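This report walks through selected local features of one protein model. Please keep the sequence and the coordinates in view while reading.

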Amino acid sequence: MTDRRIFAESNRLQAHLHHLVPGGAHTYARGADQYPDDMAPILVRGSGARVWDADGNGYVEYGIGLRSVTLGHGYRPVIDAAYAATVDGMNFSRPTTTEIAAAEDFLALVPGADMVKFAKNGSDVTTAAIRLARAATGRDRVAICSHPFFSVDDWFIGTTDMSAGIPECAYADNPRFTYNDLESLRAVFDEYPGEIAAVILEAATATAEPAPGFLERVRQLCDRHGTVLVFDEMITGFRWSEHGAQSVYGVTPDLSCWGKAMGNGFPISALAGSRDLMELGGLNTDADRVFLLSTTHGPETGSLAAFRAVVAAYRETDPVAAMESAGGRLADGVNAVSAEYGVAESLSVIGRPSCLVFVTRGPEGVPSQEYRTLFLQEIIERGVLGQSFVTSAAHSDDDVDATIEAVRGALPTYSRALEAGSVDGFLRGRPVAPALRRGAAPRRVRSRMD
């Protein structure tokens, strides 16, 4: 066991945050309850794939910016472009030439789209897509795929465990279907004939590629029923390809929603789609106009300039290949170490190389929050921070090697806990809790180290 890291200042700041900010963080996925007790670092700076906390501890970071940073912290071309734009003014009373250039850059990347509108958050554009689909079809119901998250807005959050404060009428009309299960979607259309305004899904996830023909048949079902097909490209865009998962799998949606890596951490999102749909939210329409997106900060020049610099980086280099290379080395290395310790069935790294997750199972062979927390505890102690192993193009061979060695150091404790049949005595606090949940956090687990 390494000497324990000190988190005194981070813990003090975290306690203060809980007095200032509900939940102690501005995003539930960033909450302290997503990390082992008293081991939730408060960060002060980052460079490339490394970050440092308020106690001076350094880490290799994964899933940077909730997967929004693909080029690394402080990537100079993006920073310089954003700075140069903001020096000349960030926000104006009329559109700027930067908006035109950014729209041209975006549409050149996504040839299946005719028009684009920029915003700040992924939820802005997914909700705008649903509103547009409802207006275009005159229907209310939305078929929502079984992915974990689409929006903070009522139409989706009402379907989750954190539905307090949302009237049932805001979400009750929205049936679910299962990814890669065409029959479950067909059943939705059969149950609600002529009522489905939109089908929304991610074309792929970190752990699930589309089954052969699945996306094509979803497209056909939507066409047959006059339903708008919406792809959520928040994660896949600029991580599967700068052209989106739609280009990888060769299926064009009616609308697509983008964000996260568009700005390498700068706040920007986009709704893109066919002209006939998008113009319903414009000025030149004979139909009832849709209040699509109208935001004060959507077109601010700093983030649009950052986006244009990201596009240039993808044009001049190959960040996706770099992420996949680092991810491939990391998965191979961690899985080899896991096999070496005889725990390959309990700890494994899976998924697309540019979007890896680690799977932690308990003695019964099922995914375990308790063993996940123990694994996080041990790798944080050894300088690795992340709720996944999602790489960026900034992750170097040294970063990957350091991570593999951190896992090697974590596995003796992990394997002993498996042998003991419980994390009791090994885990120093309570297990991490699901970010979206109804009740209180799980119980605290006593540790031999307390």
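## Strand E2 and its two faces

In this predicted model, strand E2 spans residues 50-53 and has two unlike faces: Val51 and Asp53 make up the covered one, Arg50 and Trp52 the uncovered one. In a regular strand, side chains alternate between the two faces of the sheet.

E2 has a partner on each side in the order E1-E2-E3-E13. Strand E1, residues 43-47, pairs with E2 in the antiparallel sense, over four bridges. Within that pair, Ser47 faces Arg50 of E2. Strand E3, residues 58-61, also runs antiparallel to E2, and three bridges join the two. Here Trp52 stands opposite Gly58, and Val51 stands opposite Tyr59.

## Hairpins and the sheet

Which glycine takes a positive phi in the hairpin of E1 and E2? Gly48 does, near 65 degrees, and the hairpin has two residues between its strands. The hairpin of E2 and E3 has four residues between the strands. In its turn, Gly56 has a positive phi of about 85 degrees.

The sheet as a whole is open and holds four strands, with mixed pairing. Its edges are E1 and strand E13 (384-385), each of which pairs on one side only.

## Positive phi outside glycine

Two residues other than glycine also call for a look at the backbone. Asp38 has a positive phi, near 60 degrees. Asp38 sits in the loop between helix H1 (8-20) and E1. Phe238 is not a glycine either, yet its phi is positive at about 70 degrees. Phe238 belongs to the loop between strand E8 (228-232) and helix H9 (245-249).

Is each of the two buried or exposed? Asp38 counts as exposed because its relative accessibility is 54%, and the cut-off for exposed is over 50%. Phe238 counts as buried because its relative accessible area is 1%, and the cut-off for buried is under 20%.

## Nonpolar cores

The largest nonpolar core has 58 residues. Leu132, Val199, Leu201, Val218, Leu255 and Leu271 touch the most other members. Helix H5 (residues 122-137) gives the most to this core, with six residues. Apart from this core lies another, of 32 residues. Val337, Phe375, Val400 and Val432 are among its members. In soluble globular proteins, nonpolar side chains tend to be buried together.

What does Val199 touch beyond its neighbours within four places in sequence? Its contacts are Ala143, Phe177, Leu185, Phe189, Val218, Cys222, Thr227, Val228, Leu229 and Val230. One of these, Val218, is also listed with Val199 among the core members that touch the most others.

## The second largest pocket

The second largest pocket has a volume of about 900 Å³. Its lining counts 29 residues. Glu99, Val116, Lys117, Gly281 and Leu293 are the closest to the pocket centre.

Three elements each supply at least two lining residues: helix H4 (97-109), strand E4 (115-119) and helix H10 (275-278). H4 has the largest share, with five residues. By type, the lining divides into 15 nonpolar, seven polar and seven charged residues.

## Two helix residues

Gln377 lies in helix H13, residues 369-381. This glutamine counts as buried because its relative accessible area is 1%, where under 20% is the cut-off. Leaving out residues up to four places away in sequence, Gln377 touches Pro36, Met39, Phe426, Leu427 and Arg428.

Ser325 lies in helix H12, residues 319-340. Ser325 counts as partly exposed because its relative accessibility of 44% falls between the cut-offs of 20% and 50%. How far apart are Ser325 and Val142 in sequence and in space? They are 183 residues apart in sequence, and 38 Å separates them in space, C-alpha to C-alpha.

Terms used
Residues numbered from 1 in each chain as written. Predicted model: local features only at pLDDT ≥ 70, side-chain atom pairs only at ≥ 80, totals over all residues. Heavy atoms only, no water. Core = buried A, V, L, I, M, F, W, Y, C linked by side-chain atoms within 4.5 Å. Buried < 20%, exposed > 50% of the residue type's maximum accessible area, 1.4 Å probe, protein only. Contact = heavy atoms within 4.5 Å. 1 Å grid on protein atoms, 1.4 Å probe; cavity = no way out; pocket = protein on both sides within 12 Å on 5 of 7 lines; lining within 4 Å. Points joined across faces, edges and corners; volume = space filled by probe spheres on them. Nonpolar A, V, L, I, M, F, W, Y, C, P; charged D, E, K, R; others polar. Pairing = 2+ DSSP bridges.
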